[in-house]
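Visitor: Please show me how to read helix packing, pockets and unusual backbone angles in a model like this one.

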Amino acid sequence: MATGIIIIDKPQGWTSQDVAARLRRVFGTRRIGHGGTLDPMATGILPVFVGRATRAVEFFEHAEKEYIATLRLGLLTDTEDTSGTILETRPVSAGPQEVADILPKFLGKQMQVPPMYSAVKIQGKKLYELARQGKTVERQPRPIEILELELLGHEGDDYQIRVRCSKGTYIRTLCKDIGLALGCGGTMAALRRSRAGAYGLSDAVELQTLLDRAEQGQEVASLLLPIDSMFSQAPALDLTPKQEKACRNGAAFSISLDAGQYRLYGSGEFLALGACDGTTMTTIKSFYEVN
């Protein structure tokens, strides 16, 4: 069975679930999951995990993300992006300098209220389900962090910004909040995820390219990245036969290393992501094939 990670450049109009469903057919397995949901209007990096790689999905959810977004000033919608119903239009007096000057105020750790049109659940109901029924409910703010926020350019009242942020950040809400801080309101007009964790756009495969290749009967497994590529920031460690046996049995073993996370290898295979406290290595998650 195919195992690995494929970085899809998701086209506009597809849901993340749509992409995963198509790739189940392409790779002939139901054991597929995706990391970091993208809205249908968004494009860019969507990692899809195949086979044993699905065990790594939980780690991707915590990865930092980078986006290129278009902020449209003077417009407010119910979805906080241009796919929604227009609630209000306002005159725009802010220019490029005002936009550039206000961006630093949104850097750092902060609390963000998730939009009504989101998959956040309240009392078992997804917010977007309630929103489609015309209901608005109180939402608790959630901790996020904006690590970088840069103005790239503008055309009229459309401003392109680059955002590097923590998991759980809603770029739509950030655009709305920036617009409100400028006094004219704002909404997100476009969104492209340019980086997610260890992966950038140079690692991505266009969805249509993959589908065409599969349709023509060409092999697609070579497009899969190895599971350990996701943990490239962790040093690699080749285990001795005794350490490998302990690792495969899920047991800790003694070792003198700097504290931190490590990629553990044995018999030429990526075995696990491990954590060392300076004297003992324990397994965080194993990825080896069980015979």
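Visitor: What do the buried residues of α6 pack against?

Guide: Packing is read from contacts, that is, heavy atoms within 4.5 Å. Here the buried residues of α6 pack against β1, α1 and β14 (205-206). Helix and strand names follow DSSP runs numbered from the N terminus (helices H or I, at least four residues; strands E, at least two). This is a predicted model, in which local features need pLDDT of at least 70 and side-chain atom pairs count only at pLDDT 80 or more, while totals for chains, interfaces and linings use all residues. Residues are numbered from 1 along each chain as its sequence is written, and side-chain values use heavy atoms, with hydrogens and water left out.

Visitor: Which residues of α6 are buried?

Guide: Burial goes by relative accessible area: buried is under 20%, exposed over 50%, and partly exposed in between (1.4 Å probe, protein chains only). In α6, L207, L210 and L211 meet the buried criterion. They lie on the same side of α6 because their arc around the axis is only 95 degrees; the arc is taken from the directions from the helix axis to the C-beta atoms. Just after α6, G217 has a positive phi of about 80 degrees.

Visitor: How many residues does helix α1 have, and which of them are buried?

Guide: A helix span can be checked against its expected value, 1.5 Å times one less than its number of residues. Helix α1 (residues 16-27) has twelve residues, and its first and last C-alpha atoms are 16 Å apart, close to the expected 16 Å. Its buried residues are S16, V19, A20, L23 and F27. These cover an arc of only 95 degrees, so they sit on the same side of α1. The cover over them includes β1 (4-10), β2 (32-34), β3 (43-50) and α6 (207-215). G28, just after α1, takes a positive phi of about 65 degrees.

Visitor: Which residues are buried in α7, and which exposed residues does the face turned away carry?

Guide: In α7 (residues 241-248), the buried residues are Q243, E244, A246 and C247. Down the axis of α7 they fall within an arc of 160 degrees, so they line one face of the helix. The face turned away from that buried side carries P241, K242 and K245, which are exposed. The buried residues of α7 pack against β15 (236-238), β16 (253-254), β17 (260-266), β18 (269-276) and β19 (280-286). Just after α7, G250 has a positive phi of about 75 degrees.

Visitor: What is the volume of the largest pocket, and which residues are closest to its centre?

Guide: Pockets are found on a 1 Å grid over the protein atoms alone: a pocket is an open set of points where a 1.4 Å probe fits, with protein on both sides within 12 Å along at least five of seven lines, and lining residues have an atom within 4 Å of a point. The volume is the space filled by probe spheres set on the points, which are joined across faces, edges and corners. The largest pocket has a volume of about 1200 Å³. It is lined by 38 residues, of which T37, D39, A119, Y170 and R172 are the closest to its centre. Elements that each supply at least two lining residues include α1, β4 (65-73), α5 (171-181) and β12 (186-196).

Visitor: How do the linings of the two pockets divide by class?

Guide: Ala, Val, Leu, Ile, Met, Phe, Trp, Tyr, Cys and Pro count as nonpolar, Asp, Glu, Lys and Arg as charged, and the others, Gly among them, as polar. The largest pocket is lined by 15 nonpolar, 13 polar and ten charged residues. For the second largest pocket the lining has nine nonpolar, four polar and no charged residues. The second largest pocket holds about 220 Å³. F59, A63, M230, F231 and Q233 are the closest to its centre among its 13 lining residues.

Visitor: Where is E80, and is it buried or exposed?

Guide: E80 is in the loop between β5 (75-77) and β6 (86-89), and counts as buried at 7% relative accessibility. Its phi is near 70 degrees, a positive value in a residue other than glycine. S267, also not a glycine, has a positive phi of about 55 degrees. S267 lies in the loop between β17 and β18 and is exposed, with a relative accessible area of 63%.
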